Structure formats: C-alpha cells, structure tokens
Amino acid sequence: MWSFGNCTFDERRLALSVGGEVVAAEARPLQLLVHLLHHAGELVTKDELIEAVWPGRIPSESVLTKTVAKLRQALRDEDQALIRTVYGQGYRLVAPVSVKAQAGAAPVDTPDFAPGLAAGETPPLRPHWVLREKLSSGGRNEVWLARHAKTGQPRVFKFARDADGLRALKREVTVFRLLREAPGAGEHLLEILDWNLDEPPWFIECPFIAGGNLAHWCEQGGGIAAIDLSLRLALIAQAADTLAAAHDTGVLHKDVKPGNVLVDLDAQGRPLVRLADFGSGRLIDLERLARLEITRLGFTQSLDLPGDDSSGTPLYLAPELLAGQPPTLRSDIYALGVMLYQIVAGDFRRPLAPGWERDVTDPLLCEDIRACADVDPARRLADARVLAQRLRDLAARREQQARAQAEQARTQQLQARLDRLRTRRPWLVASMLLLLLGLAVSTQQWLRANRANQLALRESALAAAVNRFLTDDLLAGADPLHAGRRDVRVSEVLARAQQQAATRFAGRPEQEAAVREAVGKAYAGLSDYDTAERELRQAMKLLDGLPQARARRDQQQLALIELLLAAEHMDVASREADALAARGPLAADTALGLDTARAWLDFRAGNHARAISAMEALRGRHLALAAEQPERTQAFLQRLGEAYVLANRGKEAIEVFGDLLKRQTALYGQRDARLVPPLIGLGQGFEWADRNEEALPLLERAASMARETLGEEHDLTLTAAGELAGVYETLQRFDAAEAEYQRLLAILRRRFGEDYLITREITSNLGVLYDNMGRSADALPLFEQLYEREKRIGGESHPDTLNAAHNVGNSLSRLKRWDEALRWQRRTWALASKALPADNFQRGVMQYKLAESQSHLGQTAQARENFDQAIAFLQRTLGDEHRWTRKAIEVRDNSLGEAHKS
C-alpha cells in the first residue's frame, strides 16, 4: 500500500483513493503511477514510461501526454504538486512517498511475469531442451541449467521474473551486441547465444561454464589459499582488461563481483575469465548504439541523469554509491579493488574494512588495492588496464623496489652532505636540491617506464653512475675545501657539471644525456630558461638514434615542452608538442604529460572552458599515479589550479591548491621551497573569491619563504611579491602596493627586460593600481606602451593585447576623454567578441565599459543594450554577487541615470 500527498494506492488491486475517497481511473494511468511510485523522487524519462506501460509498442508522445493528464486528473494534481513535468525529458514524482506491505498480500508482480518452471519441463519455444537444475532464483531473474534432449549438451537459460527483469535482459543483450566487437573484450565476455524478448516468459540463452564463477572455481581447487597467488592475480588482471574494454566502449558494469566473473578454459587448457551479467549496466554514450545500428533495448537514460539506481552487491558498492551519487567508471574499479583484496587475503566474504592492510603482506599489492579502492573516487585509478598491467608487472616491480631501496641509501648519503652545508650556505643547498630533484625525477620516471623491461637493470646502473657524478663532482665542487673559497655560486657548480659531463661520460651518451637533462632542469629552477633549453636539446641529441633510449628521449622532449611553457615560448612549445606526438606510440607517462601540455597550450590561447575540461578529464589519471610519481601529480595540480585562477574560478582554485598544499606539506615539511607555488595559488584563489583577508597571510608566508630559500630575484619570489602587492591594493593599502610593484619592476626590467611575461604582468598591475588611486594620467602611458608590446609579441587579437587595449580605454574614460575612450573600446570589443572564448568573463567587463562611454556621449539606446547584455553575461559566468557583476550594475545605474537627466 502506497501513501503520497493525500493519496493512497493499493498496487495489488490497482485501487486509488484521494482525500479518503475511492477514485475510478483507467488502467494505463494507474500502470504509469505504479512505475512512478517505484522510482519516487527520480527523473523517469518518457522512453522509460512508454516501455513500462506499453511494452513492445511505440505509441506517439501525445499518447503518453494524455495518459499523464488523466493520471493528474484522477490525483487532482493540476498544479503539479505531486507529479512534476521535467520539460524535454520526462516526469518526476516529487511528493514524499511511503509504502507498507499488506498482511497476506500476494506478491506485487503479476502472474503473467512469473516463469512457473519446473525441472523436467522444456523451456517455452525451445522444445529440444530440458530444464534440469535451478541454479539461482531471486530478485528479478531465475537461472536454470538445461540439457539438449539428444546430445546432452548443457546450456543456461536466464528468465525474467518481472518487468525489471525484462529490462535487465534487454540491457544484457544490448551490451553484449555492443561489446562483442570491442577490442580485447570479445573472448572474455559470456556469450549470449539467443534470446526471447517478445512474449513471456522472457529469457536469454548462454553457454554453460563448467568452472562456474570465480568463488566456485576457487572452491573446486581446494580453496583460494591453495591456488598459486600468481594465477589468482592473473585472473584479476584478465577481469580488469575486460572491464577496461567495456569502459572504452562506454559501458558501466555496475555489479562487478566474483559471482559475475566466470572461469572457463582456453584452447590450451588455461583458465580464461569471462565477465557476465551486464543486466545492471549503464551506457555512457547512447548515441554509440545508433551509430552501430543496434536497437536500444533496455536503455532509456544516460549515465548523468538523476535517480540512477546503484544496483550492485553491497559488499562491492563504492562509498559514493551508498551516498546516493551516480555510478562512474571508478565505481566499477572500486569493486575490482575489493575483489583483488579478497583474492589476496583468501576470503571472498571478507569486507574491505579499516585495517585491511594487515591481511596483505606485499606492500606493492597494498598500493594496488589502495589505488583501486580509495574512498575518494578522484584518487582511484581511472583505467582498469593500469591495474592489469601492475599485476602482470608485479615481479619486475619487486625487483625495481629492491633497486630503489639500494639507491635510497646512496641518496641519504647525498642528503647528509647537503645537511653539512645547510647552515653555511642555505641558498646554495636549496638550488642544489633542485638539481638533485631533477636527477631523481628523470631517473625514476625512466625506470618506471621500463620497470617490466629487460633493460631495467642497465638503467639502474645508469642511475647509480649519475648519483656518483653528483656526489663526487658537483658537491665536491661546491665544497670550499675543493673550490678554494667560500662564495661558490650555484651557476658555477652547474657550469662545472656542463663542462665535465662530456669528459666524465665520454662514449656513454645515455649517462651524459641524463646528467644534461638534470642540469637543464636545475637551470630552469633558477629561471635561466635559455641555458636550460640548450642543455635539454643537447640531451635529446645524444639519445637520437638509440632505440633502447627512445622512451627516455621522449621524456626529455616532454621536459623541454614543459620548460618552454614555463618560459612562455608558446609557439615553440606547440611545435615541439606536435613533433613529439608525431614520433608514434608513446609510453603512458609521456602521453599523459603531452596531453596535459597541450591542454595548457589551448588554455593560453584563450580557450579556457575547453582546456579546463580537458585538464579535469586528465585529473584522475594523474591522481592515480600520485603514489608512484608525486612530483608529476603535484605539477599537474599546480597547473590546473593556475588555470582555475586565470579563468576566475576561485572556488575550484582553492580546492585544488588546498589539496596540493596538504600533499606537499606531508611530503616535504612546513618550510620547504616547494610549498611556495601552492601557497601563491591558494592566495590567488582566495583573492579571486573576494576573500582577500584570507589571501593576505598565505601570500605573506609565500613571499617570506621564497626570499629565504630561493633569494630575492627568483621567479617565485617575484611572483609571490606581485600577488601580495595585488592584495595590498584590493585592501586599499595603496602605498605598500605601489612600493612593492616599483621594486619588482626594477628587478624584472634589469634581469629579463620589458618583454618578459612577469614584467608585463606587473606593469599592467601597476597601471591598474594608479587608476584605482585616481592617478590615471600616470597609468595611461604605462598601458599605451604595454599595448604596443603585447601587440608585437602576440598580435592584436591575443587575449593579453586585448586586455592592454581595454586598460587604455579605461584610463581614458577615467580621465573623461570620452571620445578617445570610445574609439579604443569599440575596436577592442569588436576584436574581443570574435577572439575571446564565449565564456571568458572579460567579454562582459569590456562590454559594460564600452556602454559607459556610450552613455556619457549621449548614445543612450546603444549603452542600455550593451549594459543589459554585459550584466546578463557576467551574472551567467560569475554570478550575481561577484564584484565585477556588482560593479557593472553600479556603473549602469550611475551612467544611465546621468544620461536620463541630460
């Protein structure tokens, strides 16, 4: 018995009461009500309702509309207080619903749905097959083993018990037809041989797998613990590959568990996994069915619609599903991680509960389980294939772990020598750590890329040779006892490395290339991008023509691209990215780095929304590598956070930089120079979110830490100081802001010249400060010079050029030189409306400033139109409460008010 609003509904008798009165209604509207009640609170699509109420028929949409109208009339729901129309999609029962079982009531399912089968009978429409044994029963399906009457061949029949069971069978058929042609999935799927979905009892036919499901197969082998661990892991790897192939095709399984992993034998008699029961599955891309001309049986909604039921088995349900969130690829991967834990621990009944690590003695398998089953979906593996490869590479990973531990001991020796230098020359030690990090990152990335390769041992020897070079040559060169004086500069140490590398590693191009790569990265850490580029290009040249070093050479080219991005050499970076992509298949790490670099190039070209979407899509893959490659993950989060800042998405920037700061603090402590970038980014996020009081202490800490560890003139020190000055300005501490900007500009012009990116940014910031201080006469020449510089560097339609032109017009308007301001603003708006992405908030700012000048020159109608468009745009992109939106409204009210008076 259902209760909702002032209505009750007896589903068994199809009896409806409203306000205590029995209401007569036709059967179709009541059948529609049954479906809505079973999915209360969910969006039920039109296709779902049609399939539920008119199974096997395709009525027109108007028939459904009329049926809904009749139901509303019976419920007296003309104001849609109970059933709400979701225009263009379907309907939602929004009233609170309760249900109570009736004593002695028959099951809700109607007799027409019950298979009514018994052993010895023949399945309907299959006279040559005899049902022998009921394998399972419950829920929405009933599964039987049957044998051919003459040959004795076994076969499995799965019957639908109700309408939900029929939909599940339809989904299974649809998914099977979709997946059987997918690369890597075909032989690992449970084949569907035939089906009857036209008349009850509905069923599908599948081959009988003698080994049974994974749990049964393990029992037949004497229990899980009796089976060799390597074989157990191989079966999980097969399941992971099959699941990845399904995900690639756009299919979620949603019920991954040992019972749905069947173990067959291949042609050589080896165990072969077959993934079964996609009856709970979901399709991410329904249009794929249309492209392949596959009928959309059982699928009536896409993944991202509300109300998607979690399905699945509770032991394997991801935490987000239990919390009511929709399923994703990572929900399947969570279930796979639980299975991996159970098969390693030796018990399929054991839940993945706190303390599970005590059951897994192998730390690498602990890493693998953790990577799949993290409580945060974003931190899980994004691709089940990664798990498969990890499991297959387990032996090689163990060898690599042993080598890494040996190298760690040598690294600790290096650290001890650095510690002895720390109190005397902290600035030198900080920069030497950059070099040490460059060597470590380069070597570790290469070893990870080759951990399953026969060359791994040789590469480990390479790492040891490079470490010895660092210890014996570079640190010795920095020691006053060897150098003969105390004031040894980092640049001298690096120059010594450049000079000695060719001699020390004569005839050993791979070792020399590794050293030059590390030296190049160290120069980049010192902001000497030109020297860094030369070293990286020399490293690449040394490896050209060495097939065994191709993966490392590709990594070096990726490092070059990242260097060029940091130096703002976008055109050169783009050409190098194209060249790297053209080299053919890349290692997974390199391909991920290249995708990230290309997204950043797209962002810097002004395509903010598209680029951020691309980076967000890559985030899971980066986070999945965090345990193995923390530096790479941190670099990605830094770049994603910077994109959020530049796109004025302060809330997202705060989340990313807050996460990054926690990660780096845990790894490096409270006073490490590597905390400076996330501190700056977090401060910027608070600044864009109009939370400047919270930004101030973060930026003060960043600036202080950068000065102490990196020196007064390092890029990060200058960036932190620039952001700090910006917050001073917002908080109206104008004198402090101007002094900081002037100090920064003096350093930047001397060190890098007027064309350097940060020089241009600080020049622009100083001009804006002058405008805000009422000194627009001082701001105007700065902006005019900056405009010419930006136009020469990027062209007149580049976002930075448009911003400079906008600032020229703004200063002119503040000086009340309205005619000149309007000329600049019209031209800027004409270019910006075509060049800037459709969601770039600066479009709205430029348009409302144009409207301001128009209103002061008596062009009221044009001004009002531009104001209205600009404010609507800012409200849509930034929100009603953002300072730019509020400012635009204030300027409109003041400007049009004056225009009306005149």
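Helices (H or I, at least four residues) and strands (E, at least two) are DSSP runs, numbered from the N terminus. Two strands pair if DSSP finds at least two bridges between them.

This is a predicted model: local features need pLDDT of at least 70, side-chain atom pairs count only at pLDDT 80 or more, and totals for chains, interfaces and linings use all residues. Residues are numbered from 1 along each chain as its sequence is written, and side-chain values use heavy atoms, with hydrogens and water left out.

**Exercise 1.** Trace the pairing of β2, β3 and β4.

*Solution.*
- Start with β2 (residues 7-10) and β3 (residues 15-18): four bridges pair them in the antiparallel sense.
- C7 has V18 of β3 as its bridge partner.
- Next, β3 and β4 (residues 21-23) run antiparallel and share three bridges.
- Here V18 has E21 of β4 as its bridge partner.

**Exercise 2.** Find the positive phi in each hairpin.

*Solution.*
- Four residues lie between β2 and β3; in that turn, L14 has a positive phi of about 50 degrees.
- Two residues lie between β3 and β4, and G19 has a positive phi near 60 degrees.

**Exercise 3.** Describe how α31 packs on α32.

*Solution.*
- α31 (residues 799-814) and α32 (residues 818-835) pack at about 155 degrees, axes 8 Å apart. Axes are lines fitted to C-alpha atoms over the stretch in contact, with angles from 0 to 180 degrees between N-to-C directions.
- The two helices are therefore roughly antiparallel (over 145 degrees).
- The contact (heavy atoms within 4.5 Å) includes L802 and L812 of α31 and W818 and W824 of α32.

Key: Parallel < 35°, antiparallel > 145°, perpendicular 65-115°, else oblique.
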